[in-house]
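Let's take a walk through this model together, going from the overall surface and fold down to individual side chains. Keep the viewer open as you read.

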Amino acid sequence: MVSLGLLESYLPYMLEGVLWTLALVGGGLLLGFAIGLPTAIFRVYGGKVAKTIVDTYVWIYRGIPLIVLLFLYYWGIFPIVFGIKLSAMTTSILALGTRDGAYQSMIFRAALEAVDPGQMLAARSLGMGRWEAVRTIILPQALRIAIPGWTNQYAIMLKDSSICFALGVVEILTRTRYVTISIGSYFIPYLIAGILFIFLTYGGTKVFNILYERVQIPGLVGGK
């Protein structure tokens, strides 16, 4: 049984992994948002060609396991096709973000379609163009409706980020593994890692829930 004193000396090292995990999650979610929102808009309002392109993108990225995508980016696409050697951290954010963009596009698509179609007709009858109506009338409501879905996506992204351990990104799981090797014990370090993930999941979803409570629209989906 490892001594608590020895384990305590490694605790700051494990806690530092929280920052790396949050950087992975934050970068992945933001990149996913930058991809998912416009693709959802094009999917709903862009016509048949845009629908086919977006559906193909979603189908491909939903079908590839994250760890395969990580290895494909890190050892295949960027170094061989583009001649660029990216760091493990950058590769991980790109893999998390491009995959998350497919899932976020589905969240935003559902949110856009949840807005009453009569609002688009009303906006057009007032003389607004189609894209102006989307930008000023539909999108502000859809973004609020999408927050619960975004909350779930945060929790999924948080747990998916641990797979970046495979590239050696020094997030929580990687640091936990180094600690187990150093002290020769597994149970307590992995227990601490599990507690850290539970804390981050609870804290992050709580923030999103508070945000949703403040901006939800009365009378719309989930609104009071």
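About 11900 Å² of the chain is exposed, and carbon and sulfur atoms supply 70% of that area. Keep in mind that this is a predicted model. Of the 224 residues in the chain, 43% are buried. Along the principal axes, the C-alpha atoms fill a box of roughly 75 × 45 × 20 Å.

Now for the fold. The chain has nine helices and zero strands, so a trace from the N terminus reads α-α-α-α-α-α-α-α-α. Contacts tell you how these parts come together: among those between residues at least 6 apart in sequence, 76% join residues at least 24 apart.

Let's turn to the aromatic side chains. Searching the whole structure gives eleven aromatic pairs. One of them is formed by F33 and W150, whose ring centres are 5.9 Å apart; their planes meet at 90°, so this pair is edge-to-face. It connects distant parts of the chain, with F33 in helix α1 (residues 4–45) and W150 in helix α7 (residues 147–160), 117 residues apart. The two partners differ in exposure: F33 has a relative accessible area of 31% and is partly exposed, whereas W150, at 17%, counts as buried.

Another pair to display is Y45 with W131. Their ring centres are 6.4 Å apart and their planes stand at 75°, so this pair is edge-to-face too. Here the link runs between Y45 in helix α1 and W131 in helix α6 (residues 130–145), distant parts of the chain that are 86 residues apart. Y45 counts as buried at 12% relative accessibility, while W131 is partly exposed at 44%.

Which residues share an aromatic cluster with F33? They are F108, W150, Y154 and F208, which together with F33 form one cluster.

Rings also meet charges in this model. The charged end of K85 sits over the ring of Y74, 3.8 Å from the ring centre. Likewise, R175 lies over the face of Y13, at 4.6 Å from the centre of that ring.

Y74 appears again when you look around T91. T91 is placed in helix α4 (residues 88–114). Is T91 buried or exposed? Its relative accessible area is 0%, so T91 is buried. Leaving out residues up to four places away in sequence, T91 touches L70, Y73, Y74, L86 and L167.

For a contrast, move to the surface. I67, V68, F71 and W75 form a nonpolar patch there, with about 360 Å² of accessible area together. W75 belongs to helix α3 (residues 66–81) and is partly exposed, with a relative accessible area of 49%.

Last come the salt bridges, of which a search of the whole structure finds five. In one of them, D55 pairs with R43, and the closest N and O atoms are 2.7 Å apart. This bridge links distant parts of the chain, D55 being in helix α2 (residues 47–63) and R43 in helix α1, twelve residues apart. D55 is partly exposed at 29% relative accessibility, but R43, at 11%, counts as buried.

A second bridge joins the side chains of R99 and D160, at 3.2 Å from N to O. It also ties distant parts of the chain to each other: R99 lies in helix α4 and D160 in helix α7, 61 residues apart. Both ends of this bridge are buried, as R99 has a relative accessible area of 17% and D160 one of 19%.

What does a bridge within one helix look like? E113 and R109 form a salt bridge with their closest N and O atoms 3.6 Å apart. The two residues are four places apart in helix α4, so about one helical turn separates them. E113 is partly exposed at 46% relative accessible area, and R109 is partly exposed as well, at 29%.

Finally, go back to R43 and D55: salt bridges that share partners join R43, K51 and D55 into one network.

Definitions and conventions
Residues numbered from 1 in each chain as written. Predicted model: local features only at pLDDT ≥ 70, side-chain atom pairs only at ≥ 80, totals over all residues. Heavy atoms only, no water. Phe/Tyr/Trp six-rings, centres within 6.5 Å; stacked < 30°, edge-to-face > 60°. Buried < 20%, exposed > 50% of the residue type's maximum accessible area, 1.4 Å probe, protein only. Lys NZ or Arg CZ within 6 Å of the ring centre and 35° of its normal. Patch = residues over 30% accessible without salt bridge, like charges linked within 9 Å, V, L, I, M, F, W, Y side chains within 5 Å. Areas by Shrake-Rupley, 256 points an atom, 1.4 Å probe, with all protein chains shown as cover. Salt bridge = Lys/Arg side-chain N within 4 Å of Asp/Glu carboxyl O. Contact = heavy atoms within 4.5 Å.
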